[in-house]
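Reader: Hello! I like to get my bearings in a model before I set anything up, so could you walk me slowly through one part of this one?

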Amino acid sequence: MPKIAVFPGSFDPITIGHTDIVERSLPLFDSIIIGVGNNSQKKYLFDTETRTRWIEKIFAHEKKVSVQAFSGLTVEFCKNVNANFILRGLRSAADFEYESLIAQANLSMSGIETIFMLSKPEYSAISSTVIRDIVRNNGDASKFLPAAISKEINKK
Ligand code: ADP
């Protein structure tokens, strides 16, 4: 059975912390589907089409990585794309507290295991929330953004 992982998130926007998690996880999986959450209750800074397009651009040359927007439960999305793993990144103990509850619920609902990849120390303070603040205030967030998309984001 191929090892297929879904890496779900808001990616509002995707950061170098996220891309590092994907790149370091590539040896573990046959393919990684980056699932871009489209939750009607959530207010995003960047629309789903834009968040998805940016990720497609970043990973255009990586055959193992694909991108799909999804709404609803992550485990349902996993079933639809035949994924047997969920991939999540951990930056801190706070991330662990939050993520472990979700991972346990997902496992008992679906049997799908969540695999955690620790962030590198130099990326552990990077969050999409901070980047959105910088962008809203016309600052330069390019240090935290993948090179392929930083110009476009900083123009907004
Ligand atoms: P969500 O809204 O689902 O938390 P995010 O886009 O904020 O979506 O995060 C997606 C995943 O990436 C989560 O597992 C999160 O912990 C992880 N992540 C976010 N920022 C980093 C980072 N700097 N280093 C490692 N993992 C990260």
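Reader: To start with, where is Ser142 found? After that, please give me a close look at the surroundings of the ligand.

Author: Happy to help! Please keep in mind throughout that this is a predicted model. Ser142 is found in the loop that runs between H5 and helix H6 (147–155). Its relative accessibility is 28%, and because partly exposed covers values between 20% and 50%, Ser142 falls in that class. Leaving aside residues up to four places away in sequence, Ser142 touches Ser150 and Asn154. To link this loop with the ligand site, take Gly89: its C-alpha atom and that of Ser142 are separated by 21 Å, with the two positions 53 residues apart along the chain.

Now to the ligand itself. The ligand sits in the largest pocket, where 17 residues surround it. The closest of them are Ser10, Phe11, Gly89, Tyr123 and Ile126. Looking at the shell by element, at least two residues come from each of strand S1 (4–9), helix H1 (16–25), strand S4 (85–90) and helix H4 (93–110).

For the polar contacts, begin with Gly89, where a polar backbone atom is 2.7 Å from an oxygen atom of the ligand. His18 offers a side-chain contact: an N or O atom there is 3.2 Å from an oxygen atom of the ligand. Arg91 reaches a nitrogen atom of the ligand, with a polar side-chain atom 3.3 Å away. On its own the ligand has 560 Å² of accessible area, and the protein covers 88% of that.

His18 leads us into H1, one of the elements that supply the shell. Eight of the ten residues of this helix are buried, so H1 is largely enclosed by the rest of the structure. His18 is among the buried ones, and so are Ile16, Gly17, Thr19, Asp20, Ile21, Val22 and Ser25. At the N-terminal end, Thr15 acts as a cap for H1, with a side-chain oxygen 3.0 Å from the backbone nitrogen of Gly17.

Ser25, also in helix H1, is worth a pause. Its relative accessible area is 0%, and because buried means under 20%, Ser25 counts as buried. A polar atom of its side chain lies 2.7 Å from the backbone oxygen of Ile21. As background, an α-helix has 3.6 residues a turn, so residues three or four places apart point the same way. Setting aside residues up to four places away in sequence, Ser25 touches Ile32, Leu87 and Met117.

One more serine ties several of these threads together. Ser127 has its place in the loop between strand S5 (113–118) and helix H5 (128–136). With a relative accessible area of 16%, Ser127 is buried, because the cut-off for that class is 20%. A polar atom of the Ser127 side chain lies 3.2 Å from the backbone nitrogen of Val130. Not counting residues up to four places away in sequence, Ser127 touches Thr15 and Arg91. You have met both partners already: Thr15 caps H1, while Arg91 has a polar side-chain atom 3.3 Å from a ligand nitrogen.

Terms used:
Residues are numbered from 1 along each chain as its sequence is written. This is a predicted model: local features need pLDDT of at least 70, side-chain atom pairs count only at pLDDT 80 or more; totals for chains, interfaces and linings use all residues. Side-chain values use heavy atoms; hydrogens and water are left out. Helices (H or I, at least four residues) and strands (E, at least two) are DSSP runs, numbered from the N terminus. Buried means under 20% relative accessible area, exposed over 50%, partly exposed in between (1.4 Å probe, protein chains only). A polar contact is a pair of N or O atoms within 3.5 Å; within protein, one must be able to donate a hydrogen and the other to accept it, and residues adjacent in sequence count only if both atoms are side-chain atoms. Contact means heavy atoms within 4.5 Å. A residue is near a molecule or strand if one of its heavy atoms lies within 4 Å of it. Accessible areas come from the Shrake-Rupley method with a 1.4 Å probe; for residues, only the protein chains shown count as cover. On a 1 Å grid over the protein atoms alone, a cavity is a set of points where a 1.4 Å probe fits but cannot get out, and a pocket is an open set with protein on both sides within 12 Å along at least five of seven lines; lining residues have an atom within 4 Å of a point. A molecule sits in a cavity or pocket if more than half of its atoms lie within 2 Å of its grid points.
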